[in-house]
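Subject: Structure handover

Hello,

Here is the structure you asked about. Please open it alongside this email; my notes follow below.

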Amino acid sequence: MNMLSMLGFDTEFVEKKIWGWKYNAYRDHYLCVDLCYVNKDGHCSWHYHNHQYNAFLVLFGKLQVIREYSPESDKKIISTIGVGCASRKTRIHPLHNHKFEALENTIFLEIGSVRYDQDDIIRDHQDLGGA
């Protein structure tokens, strides 16, 4: 947690976890961004979210993310993401059980969001904009 202090973060809001720690960098009704540190071999429990999408973006280290292929299937998809991997990111859909495990000491962003819909706009037909 000294790293957070060095970066100027208020460590009062650090949530200690058995696998490391989580710092909530931003949260509102639609988006949550957590900066997470996981010790090598640390892992979270199997869990899922009813409505929330989860994205993981590794900043340092390597993370293995295991998820169900679908809520109706026992098939698992394993993604290894991080420095030196094919990708540093992955996404989990709502209702899909998932967990992560650090293959080495790892820092990542966990980004939770509700589904964005580009058609979720209702225009006022009296004022269509202009220059």
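Two strands count as paired if DSSP finds at least two bridges between them. Strand E4 (residues 53-60) and strand E9 (residues 106-113) meet that rule: they pair in the antiparallel sense over 7 bridges. Please keep in mind that this is a predicted model.

**Overall make-up**

The chain holds 1 helix and 9 strands. Along the sequence the pattern reads α-β-β-β-β-β-β-β-β-β, with the helix leading. The chain has 131 residues, and 34% of them are buried.

**The sheet**

An open sheet is built from 6 strands. Their order is E1-E2-E3-E9-E4-E7, and the pairing is antiparallel. Strand E1 (14-17) and strand E7 (89-92) stand at the edges. Each has a single partner strand, so one side of each is left without a neighbour in the sheet. From one strand to the next, the twist averages 20°.

As general background, strands of a sheet pair through backbone hydrogen bonds, in either a parallel or an antiparallel way.

**Pairings to look at**

Start with E4 and E9. Ala 55 has Ile 111 in E9 as its bridge partner. Val 58 stands opposite Phe 108, also in E9.

Next, E3 and E9. These two pair in the antiparallel sense over 8 bridges. Cys 32 stands opposite Gly 112 in E9. Asp 34 has Glu 110 in E9 as its bridge partner.

Then E2 and E3. They run antiparallel and are joined by 7 bridges. They form a hairpin, with 3 residues between them. Asn 24 is bridged to Asp 34 in E3. Asp 34 is thus a name to remember: it is the bridge partner of Asn 24 and has Glu 110 as its partner in E9.

E3 itself is mostly covered, with 7 of its 8 residues buried.

**The largest pocket**

How much space lies in the largest pocket? About 230 Å³. The pocket is lined by 17 residues. Closest to its centre are Lys 22, Asp 34, His 47, His 49 and Glu 110.

Which strands supply the lining? E1, strand E2 (20-27), strand E3 (31-38) and E9 each give at least two residues. The largest share comes from E9, with 3 residues.

By type, the lining divides into 5 nonpolar, 6 polar and 6 charged residues.

**Glu 110**

This residue deserves its own paragraph. Glu 110 sits in strand E9. It is among the residues closest to the centre of the largest pocket. Is Glu 110 buried or exposed? The cut-off for buried is under 20% relative accessible area. Glu 110 is at 9% relative accessibility, so it counts as buried.

Its side chain has a partner too. A polar contact of 3.2 Å joins the side chains of Glu 110 and Lys 22. Lys 22 is likewise one of the residues closest to the pocket centre.

**Where to begin**

When you open the model, find E9 first. E9 stands between E3 and E4 in the sheet order. E9 pairs with E4 over 7 bridges and with E3 over 8. From there, go to Glu 110 in E9, then across to Asp 34, its bridge partner. Finish at Lys 22, where the 3.2 Å side-chain contact with Glu 110 is found.

Best wishes

How values were computed. Residues numbered from 1 in each chain as written. Predicted model: local features only at pLDDT ≥ 70, side-chain atom pairs only at ≥ 80, totals over all residues. Heavy atoms only, no water. Helix = DSSP H or I, 4+ residues; strand = E, 2+ residues; numbered from the N terminus. Axes fitted to C-alpha atoms, helices over the stretch in contact; angles between N-to-C directions. 1 Å grid on protein atoms, 1.4 Å probe; cavity = no way out; pocket = protein on both sides within 12 Å on 5 of 7 lines; lining within 4 Å. Points joined across faces, edges and corners; volume = space filled by probe spheres on them. Nonpolar A, V, L, I, M, F, W, Y, C, P; charged D, E, K, R; others polar. Buried < 20%, exposed > 50% of the residue type's maximum accessible area, 1.4 Å probe, protein only. Polar contact = N/O pair within 3.5 Å; in protein donor to acceptor, adjacent residues only side chain to side chain.
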